[in-house]
Amino acid sequence: MPTQENNDDRIALLQGTLDLLILKTLALGPCHGQGVARLIQRQSEEVFFVDHGSLYLALQRLEDKDWISAQWGVSENNRKARFYTLTPKGRKQLVEKTSEWRRLARAMGLILDNSFSPTREEA
Amino acid sequence: MFNRKRSQQDFAEEIKSHLELEADELKREGLSDEEARRQARREFGNVRVAQERFYLNDRWAFFHKTLRDLRFAFRSLRQSPGFAITAILTLALGMGANTAVFSVMNAVLLRSLPVFEPNRLVHIETSNPPRGTGTVDTHQTLSYPVYDAMRRQTGALSAVMAYVPLSNTKVAVRYGAEPEVAEGEMVSGAFFSGLGVNLPLGRGFSSQDETDHAPLAVLSSNYWTRRFARDPAVLGKTLYVNGVPMTIVGISAKGFEGVEPGGSTDFWIPLQNVPALNAWGNPLQDGKTYIANPTWWCLRVMARLAPGVTRSQAAAQLQPVFQSAAYIGLGSPMEGEKPPVLNFADATNFPGSDQEYGKPLRILMAMVGLVLLIALTNVVMLLMARNATRQREFSLRLALGAGRGALLRLLFMESLLLVTAGGALAWAFAEAATRILGQWAQIESSLAPDRTVLLFTLAALALAGLLFGLAPLRVALVGNAELALKTSAATSNSDAGKSRTGRIIVTLQLAMCVVLLVAGGLLIRTMRNLENTPLGMDVNGLVVFGVNPKIPSIPEGYVLYANLLGRLRAMPGVESVTLMEERIGSWWSDNSDMRVDGRLPDVADGASRTVRSNVIGSDFFRTLGVPILSGREFADSDTVNAPRVGIVNEEFANRFLPNTNPLGHTIGTDDGRFTMTIVGVVKDHKYRSIDEEPIPMAWWNYAQIPYVGGMSVEMRVHGEPLAILPSARKVVQQFDPNLPLIKPMTQRDQFDTTISQQILFARLAGCFGFLAVLLVATGLYGTLAYRVSMRTAEIGVRMAVGARRGQVVWMILQDSLLLTAIGVALGIPLAMLVGRALTASLYGVKPMDAVSYFLAVAGVCTVALAASIIPATRAASVDPLKALRTE
């Protein structure tokens, strides 16, 4: 029987990144929780593994913060589902968090790509 | 905030829908129905954990849990009501006493004037008055010309306010028919506006009102409430002040009762310039009111600094103006005379209250602080003892799966409940105690606890809560699941370390108890000494009251008082009646240097030449019961046309006329304007207050000096002194129906007012000492009883193998005797320090008073013994078999 531990190439999400990914996913349009999970997994080329329990708690947290809103609706295959939509406040957060993340990624890249040696120091 | 719109069912619904959607998708990817469902579930992870976390993230959950914990803590406290009641009462007493003393301290010492920006207000004071002037206070009172010059200054000061009482006691007022008395002040036009006091009803005064000496009055909110039942219709009505009609135009803001400490002004009128309303109720001097008289420095002056001006800048700018104004009407300064220097004193707080109440209140605060400490440690000991006996309960709870956190939460909830209940009770207790304190201290200003007091109490409670929560921590953490199952009642509780903490606490409590008892003892002995101080007169049967009749001219004044004396003396039940200008035993005295035989008497270097003088009527010393040593006292025949005669006391004769017969010598004022011939010498007796030392005194006859004003009437009567007042009032009102009796009371009560503060101080200190003893006794009893009960099994074994009852009792007693001895040894040096700090407040007792120390030590020992004997004998009466069976 396959277990989760077998998926070696999957990366557990960093603290705080899940919120950003949810916001980004919802920027494409309203979606239910299961769809959000699938989209994140697919768009990251199956690199990210999303813990579903955490995802729903994160959705709830964002809803409490008023960054997203939710409504029960019907899915394309006629199932009852709770659909999440990005609020204007959430959109603003998305822009902010994205640029924050870019800066962080760039800084990390600079350090990791730099093949510095301790003997050659630049002033 | 607390309410989340979403229910748990809704969340479960969403998870269900997720699983279905996921299964659908997996089926599309080719999995079988069964397989897809299982895969979806597995991918989701633990559904229950997610739901649990959803629930916990909700703030309501926290609330529910807290409520459950509270309910549980309440039930667990109810199981031991004795413990709960003792802890709550102890806390309430300790905390309540602290809150009460702190609210008095806050009201008297800490609270700012209820005015706008009090930090920009200053009192204008002088280093010294110029020569040739009379003052009410050497530094704090100024003359009208000085005020007038200050008020004309613009720039440094944005407002200058002068105020002066209409009397040194109360002043006669009438609203409607009945004459009564109230405290009144004359104030300058800028008084209310300059201080920034609001008038919620009506208006204050303007500078025009001051210039016109307008007949207006503003009532204090307190007086309006007390006397007029907050009737808004009083505006526009007439209030007669010393018979002069004033129209009520305003009511001052609540809480504003003047700027003097401890007193409460009932009404204010603009500065007046008529004889009936002279400053301090004094008679005119050379026919001049305070406004026309530059030699009488009687006004209190305050100022508001202009924005951006510092105190020193303002003082520098005003100094020259002040100095030239000080000599208006006085001529130029004498050679070598120190010119008066202007000084700005802080007006944030009430002036003078610090000197008057500061030290006693701080000492009391320290005492109640100790009481609180004893109370808190008591409760901590109770808690520790209780939780130690619950060790098995805790272990069992742990064994049954309770988390350590849950256990701690329970303990904190219990202490929270105790602190809340104790705090609420303490507040109620403090409210009552504050009211009683205010009455005893004769502080008429409002003592109602304000926000500062509330914060103080809450801070103390929070501290207590934390302490109570932390105390049982160790006990709770020590217990573990196996312990309960392994050990028996007798052995699981005999933790040596714990009882060591208890012993240290008991010892410290005993030491603090010694300190409090010594302090209380010293002060109570001071009070006894003061109460039993011989006054040099017979005050029993004496009653005194003031009158302030309208006196059109000095000769008419003489006649009026002679007639009044005559009619009062004719009343049935009256033995003798006399008059005096300064009421004896009221702190007031007239102090000055006097010439003896034409010149100021020689005194040894540094000795004082000051003589206290009083103006009295005939029959004065016979009425008081003061022995006349030689010569005679004033008689009705000593009139303005007869030679002016005077009387001195022993101290005067000994100091200024030694080795000669004082009779026949001439004495007089230091400026040489008035002289009199000594015709009598009387025995020294108390004048100003009970605790004064003998001082040279001289008496003038009112009928022979050119000032006649308000007087106090002293009557010696048969039977109950106060019973004469209604008929005396009738006699007085035959002269003027507007005339009330001012502050009528027995002469004994009048003298007692001069030691009321010491008496209050002593009584409170005694109360706190008693409270400390009570708390220590309960604490000691509780601890010992608990420790004995822990050793029941041990005692049973000892008795079973042959120990006698006496031996068991001794074993228990030995322990507490040791603690007591150490406590006393620690307490005595501390008490000595406290005694030294108290020196200034003692009268007739040395700080090292052996009796006080002996009584304190005896008291502590008695309490310790009593608290030990009961548990000890109970332990010894244990039936060995029963004790062993408690296993």
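The contact between the two chains takes 17 residues from chain B and 15 residues from chain A, two residues being in contact if their C-beta atoms, placed from the backbone, lie within 7 Å. This is a predicted model, in which local features need pLDDT of at least 70, side-chain atom pairs count only at pLDDT 80 or more, and totals for chains, interfaces and linings use all residues. Residues are numbered from 1 along each chain as its sequence is written, while chains are lettered from A and ligands numbered from 1 in the order in which they are written.

## The contact, seen from chain B

Three helices of chain B each supply at least two residues of the side that touches chain A: α1 (8-28), α2 (33-44) and α3 (47-57). Helices (H or I, at least four residues) and strands (E, at least two) are DSSP runs, numbered from the N terminus. α1(B) gives the most to this side, with 8 residues. By type, the residues of the side of chain B that touches chain A divide into 6 nonpolar, 5 polar and 6 charged. Here Ala, Val, Leu, Ile, Met, Phe, Trp, Tyr, Cys and Pro count as nonpolar, Asp, Glu, Lys and Arg as charged, and the others, Gly among them, as polar.

## Helix α2 of chain B

What span should α2(B) have? At 1.5 Å a residue, its 12 residues should span 16 Å, and the end C-alpha atoms are 17 Å apart, which agrees. The expected span is 1.5 Å times one less than the number of residues.

Ala36(B), Ala40(B) and Phe44(B) are the buried residues of α2(B). A residue is buried if 20 or more other C-beta atoms lie within 10 Å of its own, exposed if 12 or fewer, and partly exposed in between, with C-beta atoms placed from the backbone. The buried residues cover an arc of only 65° around the axis, so they sit on the same side of α2(B). That arc is taken over the directions from the helix axis to the C-beta atoms. Their cover includes α3 (52-64) of chain A together with α1 and α3 of chain B. On the face turned away from the buried side are the exposed residues Glu34(B) and Arg42(B).

Gln39(B) also lies in α2 of chain B. Is Gln39(B) buried, exposed or partly exposed? Gln39(B) is partly exposed, with 18 other C-beta atoms within 10 Å. Not counting residues up to four places away in sequence, Gln39(B) touches Leu26(B) and Leu31(B). Leu26(B) is 13 residues from Gln39(B) along the chain, and their C-alpha atoms are separated by 8.0 Å. After α2(B) comes Gly45(B), with a positive phi near 90°.

## Strands

Chain B has 28 helices and 25 strands. Of its 887 residues, 43% count as buried. Among contacts in chain B between residues at least 6 apart in sequence, 83% join residues at least 24 apart.

Strand β1 (residues 121-126) of chain B has 5 of its 6 residues buried, so it is largely enclosed by the rest of the structure. β1(B) pairs antiparallel with strand β13 (residues 300-305) of chain B and with strand β14 (residues 342-346) of chain B. Two strands pair if DSSP finds at least two bridges between them.

Chain A holds an open sheet of 3 strands in the order β2-β5-β4, with antiparallel pairing. β2 (31-32) and β4 (68-74) of chain A stand at the edges, each with a single partner strand, so one side of each is left without a neighbour in the sheet.

The table lists antiparallel pairs, each with one bridged residue pair.

| Strand pair | Bridges | Bridged residues |
|---|---|---|
| β1(B) and β13(B) | 4 bridges | Ile124(B) and Val301(B) |
| β1(B) and β14(B) | 5 bridges | Glu125(B) and Asn343(B) |
| β2(A) and β5(A) | 2 bridges | His32(A) and Phe83(A) |

## Confidence

The model scores ipTM 0.80 and pTM 0.63. pLDDT is the predictor's confidence in each residue, from 0 to 100. The mean pLDDT of chain B is 83, and 91% of its residues reach 70 or more. Over residues 484-498 of chain B the pLDDT is below 50, yet this stretch has 22 contacts beyond near neighbours in sequence.

Chain A averages a pLDDT of 79, and 80% of its residues score at least 70. Among the elements of chain A, β5(A) has the highest mean pLDDT (91) and strand β1 (residues 11-12) the lowest (56). pLDDT stays under 50 over residues 1-8 of chain A, a stretch with 1 contact beyond four places in sequence. Residues 118-123 of chain A are also below 50, with 0 contacts beyond near neighbours in sequence.
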